[in-house]
Amino acid sequence: MIIANRKTDLLRATCLLLSMLFQSPAWACPICAPGDGQGTLSQRLRQADAVVLVAPAAPGMAHGVRQLIKGAPPTGPVLLPALPSAPVAVTATGPVVDSLLLYRQGSNGWQSAGALPVNRADWLRQLMALPQPTDAASPDWGPRLSFFVTDLESPEPLVAQTAYDEIASAPFGAMRGLRSRLQAARLLDWIDTPQLAPRRPLYALLLGVSGVADRVPALQQRLAQLRQPADAAAVSAMLAAVLELQGDSGVAGLERQYLQAAGRQDWEYQAALLALSVHGKDGQRVSRARVVQAYAGFLRQDTPLAGLVASDLGDWGRWEFDQSFAGLMRSGRPQTFASRYGMVFYLMRNPRPEARAALAALRAEGVL
(Lines give C-alpha, C1' and ligand atoms only; values in the text may rest on other atoms or scores of the structure.)
Protein backbone atom coordinates (compact mmCIF):
# COMPACT_ATOMS: atom_id res chain seq x y z
CA MET A 1 0.00 0.00 0.00
CA ILE A 2 2.86 2.39 0.78
CA ILE A 3 4.39 1.71 -2.62
CA ALA A 4 1.05 2.21 -4.35
CA ASN A 5 0.51 5.52 -2.57
CA ARG A 6 4.02 6.66 -3.51
CA LYS A 7 3.34 5.87 -7.16
CA THR A 8 0.03 7.70 -7.01
CA ASP A 9 1.64 10.76 -5.43
CA LEU A 10 4.41 10.76 -8.03
CA LEU A 11 1.90 10.48 -10.88
CA ARG A 12 -0.15 13.32 -9.46
CA ALA A 13 2.89 15.57 -9.05
CA THR A 14 4.20 14.66 -12.51
CA CYS A 15 0.86 15.52 -14.10
CA LEU A 16 0.81 18.84 -12.23
CA LEU A 17 4.29 19.79 -13.37
CA LEU A 18 3.69 18.66 -16.96
CA SER A 19 0.42 20.57 -17.08
CA MET A 20 2.28 23.74 -16.11
CA LEU A 21 4.66 23.13 -18.99
CA PHE A 22 2.18 22.30 -21.75
CA GLN A 23 -1.02 24.24 -21.00
CA SER A 24 0.46 27.72 -21.05
CA PRO A 25 1.91 30.12 -23.63
CA ALA A 26 5.40 29.18 -24.82
CA TRP A 27 6.95 32.19 -23.11
CA ALA A 28 5.10 31.85 -19.80
CA CYS A 29 6.98 30.93 -16.66
CA PRO A 30 6.06 27.22 -16.25
CA ILE A 31 5.89 27.46 -12.47
CA CYS A 32 2.83 29.67 -12.18
CA ALA A 33 1.23 30.01 -15.63
CA PRO A 34 -2.54 29.34 -15.57
CA GLY A 35 -3.41 26.07 -17.27
CA ASP A 36 -7.21 26.08 -17.46
CA GLY A 37 -7.21 26.27 -21.26
CA GLN A 38 -9.83 29.06 -21.30
CA GLY A 39 -7.47 31.94 -21.94
CA THR A 40 -7.26 35.17 -20.01
CA LEU A 41 -10.06 37.73 -20.00
CA SER A 42 -8.11 40.02 -22.35
CA GLN A 43 -7.62 37.16 -24.82
CA ARG A 44 -11.31 36.32 -24.81
CA LEU A 45 -12.35 39.96 -25.21
CA ARG A 46 -9.81 40.58 -27.95
CA GLN A 47 -11.21 37.65 -29.92
CA ALA A 48 -14.81 38.69 -29.32
CA ASP A 49 -16.89 40.50 -31.92
CA ALA A 50 -18.81 42.47 -29.32
CA VAL A 51 -18.35 43.34 -25.64
CA VAL A 52 -20.93 45.09 -23.44
CA LEU A 53 -21.66 45.90 -19.83
CA VAL A 54 -25.30 45.23 -19.05
CA ALA A 55 -27.61 45.82 -16.11
CA PRO A 56 -28.15 42.64 -14.08
CA ALA A 57 -31.56 41.02 -14.14
CA ALA A 58 -33.30 37.99 -12.71
CA PRO A 59 -32.90 34.67 -14.56
CA GLY A 60 -34.76 34.67 -17.85
CA MET A 61 -35.19 38.45 -17.85
CA ALA A 62 -33.82 40.91 -20.40
CA HIS A 63 -30.58 42.73 -19.70
CA GLY A 64 -30.21 46.35 -20.79
CA VAL A 65 -26.91 47.61 -22.19
CA ARG A 66 -25.19 50.13 -19.91
CA GLN A 67 -21.89 50.50 -21.78
CA LEU A 68 -20.88 49.40 -25.27
CA ILE A 69 -17.19 48.43 -25.13
CA LYS A 70 -16.61 46.86 -28.52
CA GLY A 71 -18.54 46.01 -31.69
CA ALA A 72 -22.24 46.39 -32.28
CA PRO A 73 -24.75 46.45 -29.41
CA PRO A 74 -27.38 43.72 -29.13
CA THR A 75 -30.29 44.16 -31.54
CA GLY A 76 -32.75 42.91 -28.95
CA PRO A 77 -32.97 41.89 -25.30
CA VAL A 78 -30.05 39.87 -23.94
CA LEU A 79 -31.30 36.75 -22.19
CA LEU A 80 -29.15 34.76 -19.81
CA PRO A 81 -30.25 31.66 -17.89
CA ALA A 82 -28.84 32.90 -14.58
CA LEU A 83 -26.55 35.38 -12.93
CA PRO A 84 -22.87 34.42 -13.15
CA SER A 85 -21.60 32.02 -10.54
CA ALA A 86 -18.36 33.99 -10.12
CA PRO A 87 -18.04 36.18 -7.01
CA VAL A 88 -19.37 39.70 -7.35
CA ALA A 89 -17.68 42.92 -6.36
CA VAL A 90 -17.46 43.59 -2.63
CA THR A 91 -17.71 46.95 -0.89
CA ALA A 92 -17.82 48.00 2.75
CA THR A 93 -21.60 47.57 2.71
CA GLY A 94 -21.56 44.12 1.11
CA PRO A 95 -21.67 42.51 -2.34
CA VAL A 96 -22.77 44.68 -5.25
CA VAL A 97 -23.63 43.79 -8.84
CA ASP A 98 -24.26 46.93 -10.85
CA SER A 99 -23.35 45.42 -14.23
CA LEU A 100 -22.33 42.19 -15.94
CA LEU A 101 -19.63 41.84 -18.55
CA LEU A 102 -20.89 40.01 -21.63
CA TYR A 103 -19.09 39.10 -24.85
CA ARG A 104 -20.06 37.39 -28.09
CA GLN A 105 -17.94 35.73 -30.76
CA GLY A 106 -19.23 34.63 -34.15
CA SER A 107 -22.53 32.79 -34.10
CA ASN A 108 -22.18 31.93 -30.42
CA GLY A 109 -24.61 33.54 -28.06
CA TRP A 110 -23.71 36.10 -25.45
CA GLN A 111 -21.50 34.76 -22.67
CA SER A 112 -21.01 36.25 -19.22
CA ALA A 113 -17.48 36.84 -17.93
CA GLY A 114 -18.83 37.84 -14.52
CA ALA A 115 -19.77 40.86 -12.48
CA LEU A 116 -17.94 44.12 -13.17
CA PRO A 117 -18.85 47.64 -12.01
CA VAL A 118 -19.85 49.96 -14.84
CA ASN A 119 -17.11 52.39 -13.76
CA ARG A 120 -14.62 49.83 -15.09
CA ALA A 121 -15.67 50.55 -18.68
CA ASP A 122 -12.55 52.61 -19.42
CA TRP A 123 -10.41 49.94 -17.75
CA LEU A 124 -11.86 47.40 -20.20
CA ARG A 125 -11.06 49.64 -23.16
CA GLN A 126 -7.49 50.13 -21.94
CA LEU A 127 -7.22 46.39 -21.34
CA MET A 128 -8.08 45.57 -24.94
CA ALA A 129 -5.78 48.33 -26.26
CA LEU A 130 -2.68 47.04 -24.49
CA PRO A 131 0.21 46.05 -26.78
CA GLN A 132 0.47 42.31 -27.39
CA PRO A 133 3.95 40.85 -26.80
CA THR A 134 5.06 38.47 -29.52
CA ASP A 135 7.92 36.81 -27.67
CA ALA A 136 9.58 36.60 -24.25
CA ALA A 137 11.96 39.49 -25.01
CA SER A 138 9.29 41.92 -26.24
CA PRO A 139 9.48 45.45 -24.76
CA ASP A 140 5.68 45.38 -24.58
CA TRP A 141 5.82 43.31 -21.39
CA GLY A 142 6.79 46.34 -19.30
CA PRO A 143 3.70 48.51 -19.89
CA ARG A 144 1.45 45.46 -19.95
CA LEU A 145 2.48 44.15 -16.54
CA SER A 146 2.54 47.65 -15.06
CA PHE A 147 -1.10 48.03 -16.05
CA PHE A 148 -2.10 44.94 -14.08
CA VAL A 149 0.12 44.99 -11.00
CA THR A 150 -1.95 47.53 -9.05
CA ASP A 151 -5.03 45.32 -9.43
CA LEU A 152 -3.57 42.22 -7.80
CA GLU A 153 -6.12 41.15 -5.15
CA SER A 154 -8.50 43.93 -6.12
CA PRO A 155 -11.80 43.81 -4.16
CA GLU A 156 -13.47 43.28 -7.56
CA PRO A 157 -12.98 39.54 -8.14
CA LEU A 158 -12.99 39.63 -11.95
CA VAL A 159 -10.38 42.39 -11.94
CA ALA A 160 -8.23 40.52 -9.40
CA GLN A 161 -8.45 37.30 -11.42
CA THR A 162 -7.52 39.13 -14.62
CA ALA A 163 -4.50 40.78 -13.01
CA TYR A 164 -3.33 37.45 -11.61
CA ASP A 165 -3.85 35.58 -14.91
CA GLU A 166 -1.98 38.17 -16.96
CA ILE A 167 1.06 38.46 -14.70
CA ALA A 168 1.19 34.70 -14.14
CA SER A 169 1.22 34.21 -17.93
CA ALA A 170 4.28 36.43 -18.40
CA PRO A 171 7.88 35.28 -18.84
CA PHE A 172 9.81 35.05 -15.60
CA GLY A 173 12.35 37.60 -16.79
CA ALA A 174 9.64 40.13 -17.62
CA MET A 175 8.40 40.03 -14.03
CA ARG A 176 11.63 41.73 -12.92
CA GLY A 177 10.36 44.95 -14.44
CA LEU A 178 7.84 45.11 -11.59
CA ARG A 179 10.47 45.21 -8.84
CA SER A 180 9.89 48.84 -7.84
CA ARG A 181 6.11 48.27 -7.79
CA LEU A 182 6.10 45.27 -5.46
CA GLN A 183 5.54 45.32 -1.70
CA ALA A 184 7.27 42.36 -0.07
CA ALA A 185 5.16 42.47 3.09
CA ARG A 186 1.91 42.36 1.14
CA LEU A 187 3.16 39.47 -1.01
CA LEU A 188 4.08 37.51 2.10
CA ASP A 189 0.59 38.11 3.51
CA TRP A 190 -0.95 36.78 0.30
CA ILE A 191 1.32 33.72 0.41
CA ASP A 192 0.02 32.98 3.90
CA THR A 193 -3.67 33.47 3.05
CA PRO A 194 -5.28 30.02 2.69
CA GLN A 195 -7.95 31.26 0.28
CA LEU A 196 -5.18 32.41 -2.09
CA ALA A 197 -3.34 29.07 -2.13
CA PRO A 198 -3.82 28.60 -5.93
CA ARG A 199 -2.06 31.95 -6.48
CA ARG A 200 0.76 31.22 -4.03
CA PRO A 201 3.32 30.25 -6.73
CA LEU A 202 3.06 33.62 -8.48
CA TYR A 203 3.24 35.59 -5.25
CA ALA A 204 6.26 33.60 -4.12
CA LEU A 205 8.02 34.33 -7.43
CA LEU A 206 7.19 38.01 -7.12
CA LEU A 207 8.55 38.01 -3.58
CA GLY A 208 11.86 36.87 -5.03
CA VAL A 209 11.63 39.48 -7.79
CA SER A 210 11.01 42.19 -5.17
CA GLY A 211 14.70 41.92 -4.29
CA VAL A 212 14.20 42.01 -0.52
CA ALA A 213 16.96 39.59 0.49
CA ASP A 214 15.93 39.39 4.14
CA ARG A 215 12.81 37.48 3.04
CA VAL A 216 14.89 34.34 2.36
CA PRO A 217 14.42 32.97 5.93
CA ALA A 218 10.65 33.50 5.60
CA LEU A 219 10.62 31.55 2.34
CA GLN A 220 12.73 28.76 3.81
CA GLN A 221 10.43 28.54 6.83
CA ARG A 222 7.41 28.12 4.56
CA LEU A 223 9.23 25.60 2.38
CA ALA A 224 9.72 23.41 5.43
CA GLN A 225 5.93 23.26 5.87
CA LEU A 226 5.16 22.09 2.31
CA ARG A 227 5.08 18.28 2.33
CA GLN A 228 2.30 17.23 -0.06
CA PRO A 229 2.43 16.59 -3.84
CA ALA A 230 -0.21 19.31 -4.28
CA ASP A 231 2.43 21.75 -2.99
CA ALA A 232 4.76 21.08 -5.95
CA ALA A 233 4.17 24.41 -7.71
CA ALA A 234 4.56 26.39 -4.48
CA VAL A 235 7.81 24.56 -3.66
CA SER A 236 9.17 25.29 -7.16
CA ALA A 237 8.18 28.94 -6.85
CA MET A 238 9.72 29.42 -3.41
CA LEU A 239 12.94 27.72 -4.46
CA ALA A 240 13.07 29.87 -7.58
CA ALA A 241 12.46 32.95 -5.41
CA VAL A 242 15.36 32.02 -3.12
CA LEU A 243 17.59 31.59 -6.17
CA GLU A 244 16.45 34.96 -7.48
CA LEU A 245 17.49 36.57 -4.21
CA GLN A 246 20.75 34.66 -3.75
CA GLY A 247 21.95 34.02 -7.30
CA ASP A 248 24.54 31.31 -7.95
CA SER A 249 25.31 31.06 -4.25
CA GLY A 250 21.79 29.78 -3.58
CA VAL A 251 22.19 26.72 -5.79
CA ALA A 252 24.37 24.91 -3.25
CA GLY A 253 21.61 25.14 -0.67
CA LEU A 254 19.04 23.75 -3.11
CA GLU A 255 21.37 20.87 -3.95
CA ARG A 256 22.02 20.11 -0.30
CA GLN A 257 18.42 20.39 0.86
CA TYR A 258 16.73 18.77 -2.14
CA LEU A 259 18.73 17.16 -4.95
CA GLN A 260 21.25 15.46 -2.66
CA ALA A 261 19.03 14.99 0.37
CA ALA A 262 18.00 11.49 1.41
CA GLY A 263 14.33 10.95 2.10
CA ARG A 264 12.92 13.51 -0.29
CA GLN A 265 9.93 12.38 -2.30
CA ASP A 266 10.17 12.23 -6.07
CA TRP A 267 7.81 15.18 -6.52
CA GLU A 268 10.16 17.31 -4.40
CA TYR A 269 13.08 16.47 -6.68
CA GLN A 270 10.92 17.43 -9.64
CA ALA A 271 9.94 20.72 -8.04
CA ALA A 272 13.59 21.58 -7.36
CA LEU A 273 14.58 20.70 -10.92
CA LEU A 274 11.82 22.93 -12.30
CA ALA A 275 13.11 25.88 -10.23
CA LEU A 276 16.60 25.30 -11.62
CA SER A 277 15.24 24.92 -15.14
CA VAL A 278 13.44 28.27 -15.03
CA HIS A 279 16.62 30.03 -13.92
CA GLY A 280 18.79 28.10 -16.37
CA LYS A 281 16.61 29.17 -19.28
CA ASP A 282 16.59 32.76 -18.06
CA GLY A 283 20.29 32.94 -17.19
CA GLN A 284 20.15 36.32 -15.45
CA ARG A 285 20.39 35.69 -11.71
CA VAL A 286 21.73 32.12 -11.87
CA SER A 287 24.19 31.22 -14.58
CA ARG A 288 23.30 28.40 -16.92
CA ALA A 289 26.72 26.88 -16.23
CA ARG A 290 25.86 26.63 -12.53
CA VAL A 291 22.54 24.95 -13.34
CA VAL A 292 24.31 22.44 -15.59
CA GLN A 293 26.73 21.73 -12.75
CA ALA A 294 23.77 21.00 -10.45
CA TYR A 295 22.23 18.74 -13.10
CA ALA A 296 25.51 16.84 -13.41
CA GLY A 297 25.51 16.28 -9.66
CA PHE A 298 21.93 15.06 -9.81
CA LEU A 299 22.89 12.49 -12.46
CA ARG A 300 25.37 11.01 -10.01
CA GLN A 301 22.58 10.34 -7.50
CA ASP A 302 20.76 7.01 -7.35
CA THR A 303 17.49 8.40 -8.69
CA PRO A 304 14.80 7.16 -11.09
CA LEU A 305 14.41 10.74 -12.36
CA ALA A 306 17.82 11.31 -13.95
CA GLY A 307 16.42 11.82 -17.44
CA LEU A 308 14.27 14.77 -16.39
CA VAL A 309 17.25 17.07 -16.93
CA ALA A 310 17.93 15.74 -20.44
CA SER A 311 15.57 18.10 -22.27
CA ASP A 312 17.23 21.22 -20.86
CA LEU A 313 20.71 19.87 -21.52
CA GLY A 314 19.77 19.21 -25.14
CA ASP A 315 18.09 22.60 -25.58
CA TRP A 316 21.25 24.26 -24.27
CA GLY A 317 23.54 22.25 -26.55
CA ARG A 318 25.21 20.43 -23.69
CA TRP A 319 25.74 17.15 -25.51
CA GLU A 320 28.62 15.84 -23.41
CA PHE A 321 26.26 13.83 -21.18
CA ASP A 322 25.56 11.18 -23.82
CA GLN A 323 27.71 8.54 -22.13
CA SER A 324 26.20 9.31 -18.73
CA PHE A 325 22.69 8.69 -20.03
CA ALA A 326 23.71 5.62 -22.00
CA GLY A 327 25.39 4.23 -18.89
CA LEU A 328 22.29 4.83 -16.79
CA MET A 329 20.11 3.02 -19.30
CA ARG A 330 22.56 0.13 -19.53
CA SER A 331 22.86 -0.16 -15.75
CA GLY A 332 19.34 -1.49 -15.32
CA ARG A 333 18.65 0.98 -12.52
CA PRO A 334 14.88 1.73 -12.51
CA GLN A 335 13.78 4.91 -14.26
CA THR A 336 10.35 6.48 -14.56
CA PHE A 337 8.81 6.51 -18.02
CA ALA A 338 9.37 10.27 -18.35
CA SER A 339 13.03 9.89 -17.30
CA ARG A 340 13.71 7.05 -19.73
CA TYR A 341 11.96 8.90 -22.55
CA GLY A 342 14.05 12.02 -21.82
CA MET A 343 17.31 10.08 -22.01
CA VAL A 344 16.41 8.33 -25.27
CA PHE A 345 15.25 11.57 -26.90
CA TYR A 346 18.44 13.30 -25.76
CA LEU A 347 20.56 10.60 -27.43
CA MET A 348 18.47 10.79 -30.60
CA ARG A 349 18.92 14.58 -30.80
CA ASN A 350 22.60 14.46 -29.93
CA PRO A 351 24.81 15.30 -32.96
CA ARG A 352 27.95 13.64 -31.55
CA PRO A 353 29.14 10.41 -33.21
CA GLU A 354 29.57 8.96 -29.72
CA ALA A 355 25.84 9.39 -29.10
CA ARG A 356 24.89 7.63 -32.33
CA ALA A 357 27.25 4.77 -31.43
CA ALA A 358 25.72 4.58 -27.94
CA LEU A 359 22.22 4.34 -29.41
CA ALA A 360 23.29 1.57 -31.78
CA ALA A 361 24.92 -0.33 -28.92
CA LEU A 362 21.82 0.02 -26.71
CA ARG A 363 19.66 -1.35 -29.52
CA ALA A 364 22.01 -4.25 -30.10
CA GLU A 365 22.00 -5.06 -26.40
CA GLY A 366 18.19 -5.06 -26.31
CA VAL A 367 18.05 -2.12 -23.93
CA LEU A 368 15.90 -0.12 -26.37
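These questions and answers concern a predicted model.

Biologist: At what angle do helix H10 and helix H11 pack?
Modeller: H10 covers residues 232-246 and H11 covers residues 251-259. Their axes lie 9 Å apart. The angle between the two helices is about 145°.

Biologist: Which residues of H11 make the contact with H10, and how do the residues of the contact divide into nonpolar, polar and charged?
Modeller: From H10 come Val-235, Leu-239 and Leu-243. H11 contributes Val-251, Leu-254 and Tyr-258. By class, the residues of this contact are 6 nonpolar, no polar and no charged.

Biologist: Is Ser-277 buried or exposed?
Modeller: Ser-277 is found in helix H12, residues 266-282. Leaving aside residues up to four places away in sequence, Ser-277 touches Tyr-295, Asp-312 and Trp-316. Its relative accessibility is 7%, and buried means under 20%, so Ser-277 counts as buried.

Biologist: Why is the sulfur of Cys-32 not in a bond with the closest cysteine sulfur?
Modeller: A disulfide is a covalent bond between the sulfur atoms of two cysteines. The rule used here asks for a pair of cysteine sulfur atoms within 2.5 Å. The closest cysteine sulfur to that of Cys-32 is in Cys-29, and this is too far for a bond because the distance is 4.6 Å.

Biologist: How many disulfides does the count come to?
Modeller: Cys-29 is in no disulfide, the nearest cysteine sulfur being that of Cys-32. By the 2.5 Å rule, the count comes to 0 disulfides.

Biologist: What is the relative accessible area of Cys-32?
Modeller: Cys-29 counts as buried, at 2% relative accessibility. Cys-32 is buried as well, and its relative accessible area is 4%.

Note on methods: Residues are numbered from 1 along each chain as its sequence is written. This is a predicted model: local features need pLDDT of at least 70, side-chain atom pairs count only at pLDDT 80 or more; totals for chains, interfaces and linings use all residues. Side-chain values use heavy atoms; hydrogens and water are left out. Axes are lines fitted to C-alpha atoms, for helices over the stretch in contact, and angles run from 0 to 180 degrees between N-to-C directions. Helices (H or I, at least four residues) and strands (E, at least two) are DSSP runs, numbered from the N terminus. Contact means heavy atoms within 4.5 Å. Ala, Val, Leu, Ile, Met, Phe, Trp, Tyr, Cys and Pro count as nonpolar, Asp, Glu, Lys and Arg as charged, and the others, Gly among them, as polar. Buried means under 20% relative accessible area, exposed over 50%, partly exposed in between (1.4 Å probe, protein chains only).
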